[in-house]
Amino acid sequence: MSDISARIHELRALENLSTGRTVIHRLHPFVKLVSAFVLIVFVASFGRYDFVRLVPYLFYPFVMMALAELPYKLFLSRVLIALPFCLFAGLSNVIFDRATALSIGDVAISYGVLSLMTILLKMYLCVMAALLLVATTPFPELTVQLRRFHVPMVFVMVFEMTFRYIGVLLEEVHAMITAYKLRSGTKKTIDMRHMGSFLGQLLLRGFDRAERVHRAMRCRGYSLRHIPPAPRQLRHSDVLALTAVCLPALLLRFLS
């Protein structure tokens, strides 16, 4: 139960970070969205042995976190969630690609190890870019900007509902586990013989809660087809920040 409470707190903490007043938080949502997109595309476009060429891209998360005054520990815990998937994807390269790529002293580094390091670095950079975007941009501004980019409405709706509903679903799980423990005496976990009915009740409660959440959103004027006017125009500082991110990323990608 404490683990679920911690997950709910982490979700709320990441969203609460977007209400900061730093120079990064004050940037136009267009700048932060385009910067993250450009960085992710360029990082993903590198080859599997381009570890050294990817290292300079670390300027983006380090500089952004310093200027936005964000806690590194919270972001590191989120990055570690994606770590097992990348390890499984790269371990086969270590096993089958054993040709020596370079040597550091008496230590030989194979192409498989180099490709694994490249995969891990790509994962870190892409996940950090997405987390920084969410942590420095209020969610309503982010979704409105996506609609201004004419992203298909179904994708925006799924993105909005998923982001909003994860916390709601965790709260339902927390309430059901609390009720189960209060009725089961000294048991600390759910018995396997009760798991089927527990999941069924969670599914029914989840559907009902989702319907109520959607109705509440519609009552408050939620509509995918309505795009609010831009709150402000791009300032000189916004253009400068966009150039400071995109130009180095472009040069690092096409210059050896």
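Student: Is the crossing of α7 and α8 left-handed or right-handed?

Tutor: In this predicted model, the crossing of α7 and α8 is right-handed. Helix α7 covers residues 139-148, and its axis lies 10 Å from that of α8.

Student: Why are α7 and α8 called roughly antiparallel to each other?

Tutor: Let's set the value against the cut-off. The two helices pack at an angle of about 165°. Angles over 145 degrees count as roughly antiparallel. α7 and α8 are therefore roughly antiparallel to each other.

Student: And what makes α8 and α9 oblique to each other?

Tutor: Helix α8 runs over residues 153-183 and helix α9 over residues 192-219, and their axes cross at roughly 135°. That value is not over 145, nor is it under 35 or within 65 to 115, so it falls among the rest, which count as oblique. Hence α8 and α9 are oblique to each other. Their axes come within 10 Å, and the crossing is right-handed.

Student: How do you know which term fits α5 and α6?

Tutor: Try the same test. The axes of α5 (residues 72-96) and α6 (residues 111-136) cross at roughly 150° and come within 8 Å. With the cut-off at over 145, α5 and α6 are therefore roughly antiparallel to each other. The crossing of α5 and α6 is right-handed. Sorted by class, the contact between α5 and α6 has 21 nonpolar, four polar and one charged residues.

Student: Now the strands: what makes β1 and β2 a pair?

Tutor: Two strands pair if there are at least two bridges between them. β1 (residues 100-104) and β2 (residues 107-110) have four bridges, in the antiparallel sense, so the condition in the definition is met. Leu102, for instance, has Ile109 in β2 as its bridge partner, while Ser103 stands opposite Ala108 in β2.

Student: What do β1 and β2 form, and how many residues lie between them?

Tutor: They form a hairpin, with two residues between the strands. In the turn, Gly105 has a positive phi of about 70°.

Student: One last topic: what lines the largest pocket?

Tutor: That pocket has a volume of about 290 Å³. Its lining holds 16 residues, with Ile24, Met64, Ala241, Ala244 and Val245 nearest the centre. Helices α2 (29-44), α4 (59-68) and α10 (236-254) each supply at least two residues of the lining.

Student: How do the lining residues of the largest pocket divide by class?

Tutor: There are 13 nonpolar, two polar and one charged. Ala, Val, Ile and Met are among the types that count as nonpolar, so the residues nearest the centre, Ile24, Met64, Ala241, Ala244 and Val245, belong to that class.

Notes:
Residues numbered from 1 in each chain as written. Predicted model: local features only at pLDDT ≥ 70, side-chain atom pairs only at ≥ 80, totals over all residues. Heavy atoms only, no water. Axes fitted to C-alpha atoms, helices over the stretch in contact; angles between N-to-C directions. Left-handed = near helix turned anticlockwise from the far one by under 90°. 1 Å grid on protein atoms, 1.4 Å probe; cavity = no way out; pocket = protein on both sides within 12 Å on 5 of 7 lines; lining within 4 Å. Points joined across faces, edges and corners; volume = space filled by probe spheres on them.
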